[in-house]
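I opened the notebook to go through this chain one element at a time. These are my entries, in the order I looked things up.

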Amino acid sequence: MPLIRITDPADDRLLDYTGLTDLALRRRLETERGLYMAESTNVITRAIRAGHRPRSFLMAEKWLETMAPVITGACGADDGGSDVPVFVAEEPVLEAITGFHLHRGALAAMHRPPLRSVEEVVGGARRVAVFDGMVDHTNLGAAFRSAAALGVDAVLMTPTSADPLYRRSVRVSMGTVFQVPWTRLESWPGAIEQAQRLGYTVAALALSDDSISLDEYVAENHERSAFVFGPEGHGLSPRVLRMADRVVRIPMAAGVDSLNVAASAAVVFYATR
């Protein structure tokens with residue numbers, strides 16, 4: 001476990017961490033290098049428990065003691081983990097490196113695991129969440145947290161949805177993106193037919209004239225369900241709604257016609273648990 005003290009924010013060894021306030025640069029680093037950023041001791045711990053491998057750690061010295069068991073566990077692996085560097089710097093240097101105040105303990109640059117196949121992810125799953133075109137990282141992280149807390153078996157992301165391993169998504173989810181099996185669909189909405197062949201009732205969450213209430217859907221007692229959630233604003237496409245087996249709405253009062261998508265997901269997950 002090499003401990004490296006950093007005094008220069010421009011140190012070349014920190015390229016994984018620099019420019020984190022630049023959205024385009026962050027995407028480029030995390031995609032081309034096959035990395036993602038884990039922020040906070042809890043998130044890093046969950047990532048490592050899920051079998052993800054750290055590339056390096058970055059933190060203030062005051063967090064070394066707290067992080068020691070996590071670092072030791074990750075760096076004691078037989079696959080060369082003992083060479084994973086731990087960068088330590090003063091708070092002003094850390095802020096200059098990352099572009100924000102690192103108040104959650106630590107950062108870790110993590111090797112991105114390969115995507116699993118859809119068949120592997122949904123094998124044996126009773127309830128599956130499909131996030132279609134969900135581009136808001138905060139909503140995505142919150143939805144994953146609800147999925148983990150309420151026992152959803154798997155999550156599928158459509159090609160236009162955001163990256164669950166984006167730093168904000170991971171942070172908002174409190175690391176639960178590492179707990180729920182997920183992968184990205186290659187074909188959408190063609191995957192709806194694949195889900196139906198696998199025995200899933202595909203339920204699209206939307207307001208429409210032919211929708212049924214969530215209570216009615218629960219009363220139908222479907223053996224396997226795939227719940228499709230669309231993005232804020234325009235929601236699910238007409239094609240998705242036509243292909244779905246059911247269009248489901250959440251009954252609401254006080255003149256409210258819709259919920260935030262992450263809140264909607266939590267309600268559905270709870271009602272169908």
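**Entry 1: the loop before H11**

I note at the outset that this is a predicted model. I began with Val-256, which sits in the loop between strand S12 (246-249) and H11. Val-256 is partly exposed, at a relative accessible area of 42%. I then looked for nonpolar surface around it. Val-256 belongs to a nonpolar surface patch of about 370 Å². The other members are Leu-207, Met-252, Leu-259 and Val-267.

**Entry 2: helix H11**

Which residues of H11 are buried? In this helix, residues 261-271, I listed Val-261, Ala-262, Ser-264, Ala-265, Val-268 and Phe-269. They lie on the same side of H11, because they span an arc of only 155° around the axis. The spacing rule behind such a pattern is familiar: an α-helix has 3.6 residues a turn, so residues three or four places apart point the same way.

I next checked what covers that side. The cover includes strands S6 (127-131), S9 (201-205) and S11 (225-229). Helices H6 (137-149) and H9 (214-220) are also part of it.

I looked at the N-terminal end too. Asn-260 caps H11 there. One of its side-chain oxygens is 2.7 Å from the backbone nitrogen of Ala-262.

**Entry 3: helix H2 and its two ends**

I moved to H2, residues 41-49. Its buried residues are Thr-41, Val-43, Ile-44, Thr-45, Ala-47 and Ile-48. They pack against strand S2 (35-39), S3, H3, S5 and H7.

I checked phi on both sides of the helix. Ser-40 is in the loop between S2 and H2. Its phi is near 100°, positive although the residue is not glycine. Ser-40 counts as buried, at 9% relative accessibility. Just after H2, Gly-51 has a positive phi of about 95°.

**Entry 4: other backbone exceptions**

I kept a baseline in mind: most residues other than glycine have a negative phi, and most peptide bonds are trans. Met-174 departs from the phi part, with a positive value near 60°. I placed Met-174 in the loop between H7 and S8. It counts as partly exposed, at 27% relative accessibility.

Which residues does a cis peptide bond join? I found Trp-188 and Pro-189, with omega at about 5°. Pro-189 is in the loop between S8 and helix H8 (191-197).

**Entry 5: Thr-183, buried or exposed?**

Thr-183 is in strand S8, residues 182-184. It is buried, with 1% relative accessibility. I listed its contacts, leaving out neighbours within four places in sequence. They are Leu-115, Arg-116, Ser-117, Val-118, Val-121, Val-155, Leu-156 and Met-157.

**Entry 6: Asp-209**

I took Asp-209 as a contrast. It lies in the loop between S9 and strand S10 (212-213). Asp-209 is exposed, with a relative accessible area of 87%. I also took its C-alpha distance to Val-247, which is 9.3 Å. The two are 38 residues apart in sequence.

**Entry 7: salt bridges**

How many salt bridges are there? I counted 9. Side chains of opposite charge can pair when their charged atoms come close. I wrote up several of them.

Glu-61 pairs with Arg-5, N to O at 3.0 Å. This links distant parts of the chain, 56 residues apart. Glu-61 is in the loop between strand S3 (54-59) and helix H3 (64-75), and Arg-5 is in strand S1, residues 3-6. Glu-61 is partly exposed, at 41% relative accessible area.

Arg-55 meets Asp-16 at 2.4 Å, N to O. These partners are 39 residues apart, Arg-55 in S3 and Asp-16 in the loop between S1 and helix H1 (23-32). Arg-55 is partly exposed, at 36%. Asp-16 is buried, at 7%.

Asp-163 bridges to Arg-112, with the closest N and O atoms 2.8 Å apart. I found Asp-163 in the loop between strand S7 (154-157) and helix H7 (167-172). Arg-112 is in the loop between strand S5 (106-111) and helix H5 (118-122), 51 residues away. Arg-112 counts as partly exposed, at 26% relative accessibility.

My last check was for shared partners. Glu-39, Arg-167 and Arg-171 are joined into one network by salt bridges.

Conventions. Residues numbered from 1 in each chain as written. Predicted model: local features only at pLDDT ≥ 70, side-chain atom pairs only at ≥ 80, totals over all residues. Heavy atoms only, no water. Buried < 20%, exposed > 50% of the residue type's maximum accessible area, 1.4 Å probe, protein only. Helix = DSSP H or I, 4+ residues; strand = E, 2+ residues; numbered from the N terminus. Arc of directions from axis to C-beta. Contact = heavy atoms within 4.5 Å. Polar contact = N/O pair within 3.5 Å; in protein donor to acceptor, adjacent residues only side chain to side chain. Patch = residues over 30% accessible without salt bridge, like charges linked within 9 Å, V, L, I, M, F, W, Y side chains within 5 Å. Areas by Shrake-Rupley, 256 points an atom, 1.4 Å probe, with all protein chains shown as cover. Salt bridge = Lys/Arg side-chain N within 4 Å of Asp/Glu carboxyl O.
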